Amino acid sequence: MPVTTTDTALKVSLDYFYQWEASKPNEVYLKQPWKGEWTDYTWKEVGNQARRMASALKAMDLPAGAKVGMISKNCAHWVICDIAIKMSGLVSVPFYPNLTGEQLAQLMEHSEAKVLFVGKLDSVDAVYEGCPEGVRCISFPISIDEKYEKWDDIIAAHEPMQENYSPDPQSLETITYTSGTTGTPKGVMTTFYTNSVGVKPSMAVTKMDELTGVRFFSYLPLNHVAERALVELGSLVTGGTIYFVESLDTFADNLRTAQPTIFLAVPRIWTKFQMGILEKLPQEKLETLLKIPIVSGFIKNKIKKGLGLNKLEWAISGAAPIPAATIDWFKKIGIRISEAYGMTENAAICTINPRERIRIGTVGIPYPGCELKIDPETQELLMRAEWNMDGYFKNQEMTDKVLVDGWLHTGDMAEKTDEGYIKITGRVKDMFKTAKGEYVIPVPMEKMFLSNTMIEQVCVVGYGAPQPFALVNLSENARHMEKAEVEASLAETAEMINDSVADYERINRVVITADTWTVESGLLTPTLKVKRNVLDASYKVRMDQWYNQGEDIVIWE
């Protein structure tokens, strides 16, 4: 039987907030940079604003469990607003900040949101275009919007809610829309219970709650399950401080100011860090310095301090596969990256590499209470735990396909090592059949390609083609290098891969694409994952031409 909030075994997110609000009201919880200046929000101030907005929401006479949307980049008021929505007994529905007007309209209609908070955005045009009529819109203090009601005006007109609202653990806490890697986003329903029951096993492995002076750096979309679980829920559990990033231009300075003790990054960020270091300190020189005992420690500390990671206790990579070579490279400079694995449907709590027992090339071991098994026919990883989602909002058919007898069908193919560590080998739906009738699993080859630092993104495609193709987006550094040097490097990588795979898997051409793959171009999800089906469809008509285009394995679009 599920435990309730009256049991000491379970505390929901609001309980943690009430604890810190009462025990250390004057300590800083949120730090917001804006126009070069930092604004501090103490636990008391966050509570005051959240309680006032909760009073305002309750005064709107919305039905219990009504949906409230948020569209904003990460900022202090994103967290304050989320807490206020929970306090008012409503359900938060956060959206990615870079949605188009059409996408926002679709998700607003599907979620049935009655109120929309509009926050830190590069442009509000999509909101103006996509927000349905009749929805009440409220702007965060740092929003550039000029037409909606203002947060500060609303909280000034309402007294703080006095009681500590205690939700039914089985009630819906939030609906999180997936990033849409394979199509239309799905709304994952998470109750207070499912969002909180995974905290104990998480702490048992990470021991995050035993650290003092915990600092988080928030820049990945907060509506993404990994960032929300680690940064927002993690800060509530530990009583830690969240530092936010102001913009891409200030990212490096903001990170150095924050000096986080816990830092989550997607592989692309780790690669950018690596490239930035190698620009100042070439690989050959770095390796030489690291071999000198006295100098080695100084160099490592200087690099970590330059990044802002000199206080790091936990470095985590997730959301997409990270090349083993990248983890190994950072290990040599004193940064141990723990690759983790999870998904929106299981609250991002599935496997992780423990800090002291990292196995490079794996996504770690399961958390306590997480059962895993591998389908012997498809190699799909199945997962069962108390914190699995309740289902997809208004989509019972898809729910029944994904949750079968309590087992979550992850869609990822996996294998288990002798030590019990999990390796993700591909996506079930990513497999494609060539013209020769053979199935190709692209992810292992893509991981090998990404060991080449000239490559920013790669996607192996070739459904119906005689042989697979590798579509490549060059890194920033490679774009400024001589073509011949780039071609030689990519050809060498392709040949290395081709020597290690079956004949039908051999890469026929490495195509350097002309366009940069971005979220805005529709080729990446908001979490920077490649939309394989979109790329495959976009380039399909040209594969025959490439297949017959001379003998050079590397070609430029």
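Helix H1 (residues 13-23) buries Ser-13, Leu-14, Tyr-16, Phe-17, Tyr-18, Trp-20 and Glu-21, where buried means under 20% relative accessible area, exposed over 50%, and partly exposed in between (1.4 Å probe, protein chains only). Helices (H or I, at least four residues) and strands (E, at least two) are DSSP runs numbered from the N terminus. The model is a predicted one, in which local features need pLDDT of at least 70 and side-chain atom pairs count only at pLDDT 80 or more, while totals for chains, interfaces and linings use all residues. Residues are numbered from 1 along each chain as its sequence is written, and side-chain values use heavy atoms, with hydrogens and water left out.

The cover over the buried residues of H1 includes helix H2 (43-59), H3, strand E8 (172-177), helix H7 (192-196), helix H8 (199-206) and helix H9 (225-238). Within H1, Ser-13 counts as buried because its relative accessibility is 2%. Beyond residues up to four places away in sequence, Ser-13 touches Lys-86, Glu-173, Phe-192, Ser-196, Leu-233 and Leu-236, contact being defined as heavy atoms within 4.5 Å.

The packing of H1 against helix H3 (residues 76-87) can be described further: their axes come within 10 Å and cross at roughly 115 degrees. This makes H1 roughly perpendicular to H3. Axes here are lines fitted to C-alpha atoms, for helices over the stretch in contact, and angles run from 0 to 180 degrees between N-to-C directions; those under 35 degrees count as roughly parallel, over 145 as roughly antiparallel, 65 to 115 as roughly perpendicular and the rest as oblique. The crossing of H1 past H3 is left-handed, meaning that the near helix is turned anticlockwise from the far one by less than a right angle (clockwise would be right-handed). On the H1 side, Ser-13, Leu-14, Phe-17 and Tyr-18 meet Ile-83, Lys-86 and Met-87 of H3. By class, this contact has five nonpolar, one polar and one charged residues, with Ala, Val, Leu, Ile, Met, Phe, Trp, Tyr, Cys and Pro taken as nonpolar, Asp, Glu, Lys and Arg as charged, and the others, Gly among them, as polar.

Further along the chain, four strands make up an open, mixed sheet in the order E25-E26-E27-E28. Strand E25 (455-461) and strand E28 (554-556) are at the edges with a single partner strand each, so one side of each has no neighbour in the sheet. From one strand to the next, the twist averages 25 degrees. Six bridges join E25 to strand E26 (residues 469-474) in the antiparallel sense, two strands being paired if DSSP finds at least two bridges between them. In E26, Asn-473 is the bridge partner of Gln-457. Helix H16 (residues 442-449) lies across E25, E26 and strand E27 (509-512), at about 155 degrees to E25. Helix H18 (residues 532-539) also lies across E25 and E26, running at about 70 degrees to E25.

A few individual residues complete the picture. Trp-34, in strand E1 (residues 28-34), counts as partly exposed at 30% relative accessibility. Leaving aside neighbours within four places in sequence, Trp-34 is in contact with Lys-120, Ile-142 and Glu-246. Gln-379 is not a glycine, yet has a positive phi of about 65 degrees; this residue lies in the loop between strand E17 (371-374) and strand E18 (380-384). Lys-394, likewise not a glycine, has a positive phi of about 55 degrees and sits in the loop between strand E19 (391-392) and helix H15 (396-402).
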